[in-house]
Every structure is written in C-alpha cells, then in structure tokens.
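Here are some notes to read alongside the model, meant for someone opening it for the first time. They start with one charged pair and work outwards from there.

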Amino acid sequence: EKLRTNGEFSPARKWAALAQNILPAHPSPIFMLGKVEIEEGNFQNGLELLIKSQDLYRHSSSAAYVLERQALVYMLLGEYETAEKTAEKALKKIPQLLTAHWVLGLAQIKQGKLLDGQRNCEIATTPNRTIPIEIQKIIKILDLEKEKWFIEFNSVASNSVNLIAHKQGIVF
C-alpha cells in the first residue's frame, strides 16, 4: 500500500502479483492490484479486480472498503447512479466511511439530486475531517470545482470546510 500511495505503481504491482501467486484465494492482493490499475487510469481493469476481490471479501468487514473503492471507479466512469448505489452499500456496512459519503453526495449531485447530495457532502465535511485524496482527484478530473452547484456549496459550507481545504492547499 505504501508503494502505491507513493506513486510507485510498478513495484506495488509486482509485490501484489507475488502475493497473489502465493495466496491465490486471498482477496487482499487482488484488491491492491485493482487499486494500482485505478491509479494508473485503467478504470475498467481495476473495477474487474475490485469485483473479484469483493467476491472473496464477501463475509468480511473489509468488503465495505472494496465497495467504497468501486463507488469511486463508477464515479470516474460517469456511472453516477451505480456510484450512488455502491456508496450506499458501503455505508450500510460502515457508516463512517468518509470517502463513501463524498462519492454518495457527488454522485447524487451529478444526477440532479442537489439537496441530498449537498447533505451528504456536508456530512463528509464535518470539522477535523480532511478531504480524501481520491475525492480531490475526482473533483479535478471531473472538473467539478467550476460547476455552479460546487461554487454554491463552497460558499455556504461551514468555515471548517474552508479551513480544512486551505490547510490542504485546495483552492475551490
């Protein structure tokens, strides 16, 4: 995971593939390979690996984290309804998943469900919570910071959101 978060995708892929060869039925290496694929922009391949991992994690609390990552991919693919449903499934398993709340809110907003979406984004922006890197990437990739709803959301959001964003160097 450290290699992946540092942007060292090739070594992360090699270690995850090695782990998968040693433990082919273990979901963790497959999950890692999926995350690497997503980081490299191979969303469909990453999604397929996440789904395979999800099948193996089915009875584990880690299933919520896989669902959260799947919701991110659906968001990036522009499949907002599926992103919303997948984020909801993740939140049913673990209600505190910050990234899942963001994806849920952003997906709802992209579907025109502004009030629900803004409410979920507000839940995700409570004090002392940072904006997840994945959400920062989605905001930039989908060019959301220029959309009217986002500008309005930022203008009415609590000072803590702006303070957190300022500390993270995010300009809305």
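1. Start with Arg13, which forms a salt bridge with Glu40, the closest N and O atoms being 2.0 Å apart. The pair links distant parts of the chain: Arg13 belongs to helix H2, while Glu40 is in the loop between H3 and H4, 27 residues apart. Do keep in mind that this is a predicted model, and that the distances here come from it.

2. Arg13 has a second partner. It also forms a salt bridge with Glu37, and here the closest N and O atoms are 2.6 Å apart. This pair too links distant parts of the chain, with Glu37 in helix H3 and Arg13 in helix H2, 24 residues apart.

3. How buried or exposed are these three residues? Glu37 has 11% relative accessibility, so it counts as buried. Arg13, at 25%, counts as partly exposed, and so does Glu40, at 34%. As general background, side chains of opposite charge can pair when their charged atoms come close.

4. Now look at the helix that carries Glu37. Helix H3 covers residues 27-39, which is 13 residues, and reaches 18 Å from its first C-alpha to its last. That is close to the 18 Å expected at 1.5 Å a residue. Just after H3, Gly41 takes a positive phi of about 90°.

5. Have a look at how much of H3 is hidden. Of its 13 residues, 11 are buried, so the helix is largely enclosed by the rest of the structure. The buried ones are Pro27, Pro29, Ile30, Phe31, Met32, Leu33, Gly34, Lys35, Val36, Glu37 and Ile38. What covers them? The cover includes helix H1 (2-5), helix H2 (9-22), helix H4 (43-57) and H5.

6. H3 also has a link to a helix much further along in the numbering. Lys137 forms a salt bridge with Glu39, with the closest N and O atoms 2.9 Å apart. Lys137 sits in helix H9 and Glu39 in helix H3, 98 residues apart, so to speak a bond between distant parts of the chain. At 37% relative accessibility, Lys137 counts as partly exposed, and Glu39 counts as partly exposed at 27%.

7. That pair is part of something wider: Glu1, Arg4, Lys35, Glu39 and Lys137 are linked in a network of salt bridges. Lys35 is also among the buried residues of H3. Across the structure there are 10 salt bridges.

8. Next comes H9 itself. Its buried residues are Ile135, Ile138 and Ile139. Seen down the axis of H9, these fall within an arc of 100°, so they line one face of the helix. On the other side, Ile133, Lys140 and Ile141 are exposed. Just after H9, Asp143 takes a positive phi of about 55°.

9. Ile135 deserves a closer look. It lies in H9, which covers residues 133-141, and it is buried, with a relative accessible area of 0%. Which residues does Ile135 touch, not counting those up to four places away in sequence? They are Leu72, Thr99, Trp102, Val103 and Leu106. Val103 is 32 residues from Ile135 along the chain, and their C-alpha atoms are separated by 7.6 Å.

10. Glu68 makes a useful contrast to check by eye. It lies in helix H5 (residues 63-76), and it is buried yet has no salt bridge. The nearest side chain of opposite charge is that of Arg69, 5.4 Å away. A salt bridge here needs the nitrogen and oxygen within 4 Å. Leaving aside neighbours within four places in sequence, Glu68 is in contact with Ala90, Leu97, Leu98, Thr99 and Ala100. Thr99 also appears among the residues that Ile135 touches.

11. Finally, the whole chain. Its secondary structure comes to 11 helices and 0 strands. Buried residues make up 46% of the 172 residues. Of the contacts with a separation of 6 or more, 54% are between residues 24 or more positions apart. The chain exposes about 9,200 Å², and carbon and sulfur atoms supply 55% of that.

How values were computed: Residues numbered from 1 in each chain as written. Predicted model: local features only at pLDDT ≥ 70, side-chain atom pairs only at ≥ 80, totals over all residues. Heavy atoms only, no water. Helix = DSSP H or I, 4+ residues; strand = E, 2+ residues; numbered from the N terminus. Buried < 20%, exposed > 50% of the residue type's maximum accessible area, 1.4 Å probe, protein only. Contact = heavy atoms within 4.5 Å. Lys, Arg positive; Asp, Glu negative; His and termini not counted. Expected span 1.5 Å × (residues − 1). Arc of directions from axis to C-beta. Areas by Shrake-Rupley, 256 points an atom, 1.4 Å probe, with all protein chains shown as cover.
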